[in-house]
Amino acid sequence: MSFTLFIVQTLNGLQFGVLLFLIAAGLTLVFGVMDFINLAHGVQYMLGAYLAVMFYALTGSFVLALILALIAALAFGLLLEFTVFRHLYDRDHLEQVIATFGIIIFLNQAVKVVWGAAPLNLPIPEALAGTVQLMPGLVYPVWRLVIIASGLIVALMLYLLVSRTRVGMLVRAGATHARIVSALGVDIRRLFMIVFGFGTMLAAFAGVMIAPILSVEPGMGDSVLILAFVVIVIGGIGSMRGAFMAALLIGLVDTLGRSFMIDILRLVMPPSPARTVGPAIASMLIYVLMALVLYFRPAGLFPAKGRS
Amino acid sequence: MANKLLMSVAAAAIMVASGAQGPAFAQEKLKIGVVTTLSGPAAVLGQQLRNGLQLAVKDNGGKLGGREVELIIQDDELKPDVAVSKAKALVDRDKVDFVVGPIFSNILVAIMKPVTEGGTILISPNAGTSNFAGKDCNPNFFVTSYQNDQNHEVMGKYAQDAGIKKPFIMAPNYPAGKDSLSGFKRFYKGELADEIYVPLNQLDYSAELSKIAASGADAVFVFLPGGMGVNFVKQFRQAGLADKVKFLSAFTVDESTLPAQKEAALGFFGGANWAPDLDNPQNKKFVAGYEKEYGGAIPGSYAFQAYDAGLLIDGALKATGGKTDNKDALRAAMKKAPFTSLRGKFKFGNNNYPIQDFYQVKVVQVGDKFATSIDKKVFTDYQDPHAKDCSMK
């Protein structure tokens, strides 16, 4: 393994990490702040991608499609909150899991009815479709850099929003002392509705940004949902900073594991078994990591204040 | 769901109706059970199977072998246990004469015994596992597609003949993935840049793409069916590798994934037994008919192989005078493959798997759509390597 390849794979790992953060951000907001297990986060991400494909077909512009998809996702999130979620806040986690699992099944089937089962395509905007040379031997697609940038912007924005604004203060207070905040005259239900709608919009944003590198198909949210939960469990439930660090960590561990596990195993065993065992271990790594974190730090690496 | 409900209501109605008429009815409807995947992301393949078979029946005026046809369609949900109970219901309750299906090999393995043990004939229009081609071959089982290894072997042979020096080969880490790469290596004898297995349903391939770029490979061979293939093809093109590295594949760029891959897959190669532009009159008619019937979608291999399954039933029943009760006569008639396949030449080997030509196909643009196109014939009258382990004659 050459040094350049190691650098490249590290960059790939960070890129994957930011991508994971983009997906997990909305989930940790809703899970952490509202103590609500929203399994439907994955299908909201899927819906964002589908809406963007639809609006792109109508308008022919990626930016317009992005904006319209976000608005539609926000509206849909508020509708979901109004019809389903608000009746579940006081229920226990198991009931939330069952109800939101029902939404997964419903929406997966619904997109198939509306858009068909065949995978769809959202093209990259023309201007950002090329590659750039970062250093000799390292060519990188521009869109990947756009994803990294948008992930970092979302991270920064969430940080400022939660820690520096009045709404953020209410959200933090509402997360740990909902009754007291409510007694002080704040409409906590409305606050939760806003947070939930915003979470849906974040999921949809991730879906739109990632759609150009992936296949837009029914069920595309199910696999990312598991990864997103791993991220927020490792990072510490409800902690934005934790989610960000955990996403980067998982991205690095997963990518470097997949890249170099076989080479590492070859040092200690013959090549043929290394080839068989390597991928198996590599695909387990992030779950092993999660188990270790849960064992040594059950509240996650960066638990949110006032919880744990 | 509504569909399923309708289907079960329809099935119930048929049961009542046929019960009332009694079995003495001279030309009873020919009942064909269909086991295919109609839910989940893979539904796009299962729908092609269903559409292809329905089109075969329609093109024959609603009849096969002179008998009115009743298709009873079941969704296996890509779950072997579900498939088994539905296949049993088709055989025991609906008393179907044939079962056509499934798409996936694990489903095939599950439904083989429940369908064939009572003498019902199973026709697979896609899955063709090595065990049923070899030592577990079955006189009640016919395949109108291929043996699973063959499309991978086509690419291996092509790579060998085309003087590829250092291919990088990659597949998902599950049994079909391993079969794929060993199929490739059966005919490609040269050096490999690397051979790697990725987790099933991986999203992001940037680590693998960097490896490919760094390995100095002059070609990749991948087996990444469905959404995995869409992801990989797009990311491969975006990483700028398409101009430097030849793209060989099996089940990765086809009519089921091209609507999402579009330009990204242009010029990429696959191994196949057919393409929509295969030049013969029956195929031209089929492709045009399919596009007309199903909203302009170009048919893929799943549709064409199911259409051929319909033609096979039609031909065999014509030979037996429409009768299905003498199973020996029916099997003998089927074994002769008495139909004009959409792929042209077609005959069954001793194991009831096809002996046929294979092609290297290339992705081309047709109007505003994308399809595979015959580029080069790689194998002529090719029989799978497992047939010799089958004791049938």
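Ala219(B) of strand β9(B) stands opposite Lys246(B) in strand β10(B). The chain crosses from β9(B) through helix α9 (residues 227-238) of chain B to β10(B), and this β-α-β crossover is right-handed; that is, with the strands pointing away from the viewer, the path from the first strand over the helix to the second runs clockwise. This is a predicted model, in which local features need pLDDT of at least 70 and side-chain atom pairs count only at pLDDT 80 or more, while totals for chains, interfaces and linings use all residues. Residues are numbered from 1 along each chain as its sequence is written, and chains are lettered from A and ligands numbered from 1 in the order in which they are written.

**Sheet of chain B**

- Four strands of chain B form an open sheet with parallel pairing, in the order β8-β7-β9-β10; strands (E, at least two residues) and helices (H or I, at least four) are DSSP runs numbered from the N terminus.
- At the edges lie β8 (194-198) and β10 of chain B, each of which pairs on one side only; pairing requires that DSSP finds at least two bridges between two strands.
- From one strand to the next, the twist averages 20°, with axes as lines fitted to C-alpha atoms and angles running from 0 to 180 degrees between N-to-C directions.

**Strand β9(B)**

- Over four bridges, β9(B) pairs in the parallel sense with β7 (residues 167-172) of chain B, and Pro167(B) has Ala219(B) as its bridge partner.
- β9(B) also pairs in the parallel sense over four bridges with β10 (residues 246-249) of chain B.
- Both faces of β9 (residues 219-222) of chain B are covered, with Ala219(B) and Phe221(B) buried on one side and Val220(B) and Val222(B) buried on the other.
- Buried denotes 20 or more other C-beta atoms within 10 Å of a residue's own, exposed 12 or fewer, and partly exposed in between, with C-beta atoms placed from the backbone.

**Helix α11(B)**

- The 13 residues of α11 (residues 281-293) of chain B should span 18 Å at 1.5 Å a residue, and the end C-alpha atoms are 18 Å apart, which agrees; the expected span is 1.5 Å times one less than the number of residues.
- Asn283(B), Phe286(B), Val287(B) and Tyr290(B) of α11(B) are buried.
- These buried residues cover an arc of only 95° around the axis, so they lie on the same side of α11(B); the arc is that of the directions from the helix axis to the C-beta atoms.
- Exposed on the other side of α11(B) are Pro281(B), Lys285(B), Ala288(B) and Lys292(B).
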